[in-house]
Amino acid sequence: MTNNIKKLTKRFMGQDHPTLKDAKDLYILGEYDAAFKIYKTKFVELMKDQFSTLHNTYRLDDKERAEEYNNYFQKHQAAYQERLNKLGPEYQIDFSRYDSYQKMSDLHS
């Protein structure tokens, strides 16, 4: 069984684009560090994609972009926090780094 878990972990972590399903499978196997790494990567990718989409949407002004981003962030933060709570208190994303359109803009510059 241990060899199987090691093989699965290597398979999931060796992928260029592991999925949330992979993270869930790793969680079930007790591979919390590997699951956390995927969850964190997926959350940051999600926020970066949303920022880029809004940034390239010219029909919105800055205030509207910020509101759209904030709504999107809050929805996804709650979902990811729920996943992280299952892993345990030591697995936390610093959501405050990504919680506003302006902060994402600063990270991209």
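## Aromatic pairs and helix packing in a five-helix chain

Phenylalanine 43 is buried, with a relative accessible area of 0%, where buried means under 20% relative accessible area, exposed over 50% and partly exposed in between, with a 1.4 Å probe and protein chains only. The model is predicted, so local features need pLDDT of at least 70 and side-chain atom pairs count only at pLDDT 80 or more, while totals for chains, interfaces and linings use all residues. Residues are numbered from 1 along each chain as its sequence is written, and side-chain values use heavy atoms, with hydrogens and water left out.

### The chain as a whole

The protein chain holds 5 helices and 0 strands, and along the sequence these follow the pattern α-α-α-α-α; helices (H or I, at least four residues) and strands (E, at least two) are DSSP runs, numbered from the N terminus. Of the 109 residues of the protein chain, 32% count as buried. Contact means heavy atoms within 4.5 Å, and among contacts between residues at least 6 apart in sequence, 54% join residues at least 24 apart.

### Aromatic rings

Rings of Phe, Tyr and Trp (its six-membered ring) pair if their centres lie within 6.5 Å, and planes under 30 degrees apart count as stacked, over 60 as edge-to-face and the rest as tilted. By this rule the count comes to 12 aromatic pairs. In one of them, the rings of phenylalanine 43 and phenylalanine 73 have centres 6.0 Å apart and planes at 70°, so the pair is edge-to-face. This pair links distant parts of the chain, since phenylalanine 43 belongs to helix 3 (residues 32-55) and phenylalanine 73 to helix 4 (residues 62-87), 30 residues apart. Phenylalanine 73 is also buried, with a relative accessible area of 4%.

The rings of tyrosine 69 and tyrosine 101 have centres 6.4 Å apart and planes at 70°, so that pair is edge-to-face. It too links distant parts of the chain, with tyrosine 69 in helix 4 and tyrosine 101 in helix 5 (residues 101-108), 32 residues apart. Both tyrosine 69 and tyrosine 101 are buried.

Ring pairs link Tyr39, Phe43, Phe51, Tyr69, Phe73, Tyr80, Phe95, Tyr98 and Tyr101 into a cluster. The ring of tyrosine 80 has the charged end of arginine 83 over it, 4.7 Å from the ring centre; a charge sits over a ring if NZ of Lys or CZ of Arg is within 6 Å of the ring centre and within 35 degrees of the ring normal.

### Two buried polar side chains

The table sets out arginine 65 and glutamine 50, with contacts that leave aside neighbours within four places in sequence.

| Residue | Helix | Relative accessible area | Contacts |
|---|---|---|---|
| Arginine 65 | helix 4 | 9%, buried | Leu54, His55, Thr57, Tyr58, Leu60 and Tyr101 |
| Glutamine 50 | helix 3 | 14%, buried | Glu68, Tyr69 and Tyr72 |

### Helix 2 against helix 3

The axes of helix 2 (residues 20-28) and helix 3 come within 8 Å and cross at roughly 155°, the axes being lines fitted to C-alpha atoms, for helices over the stretch in contact, with angles from 0 to 180 degrees between N-to-C directions. That makes helix 2 roughly antiparallel to helix 3, because angles over 145 degrees count as roughly antiparallel, under 35 as roughly parallel, 65 to 115 as roughly perpendicular and the rest as oblique. The contact is made by Leu20, Asp22, Ala23, Lys24, Leu26 and Tyr27 of helix 2 and by Tyr32, Ala34, Ala35, Ile38, Tyr39 and Lys42 of helix 3.
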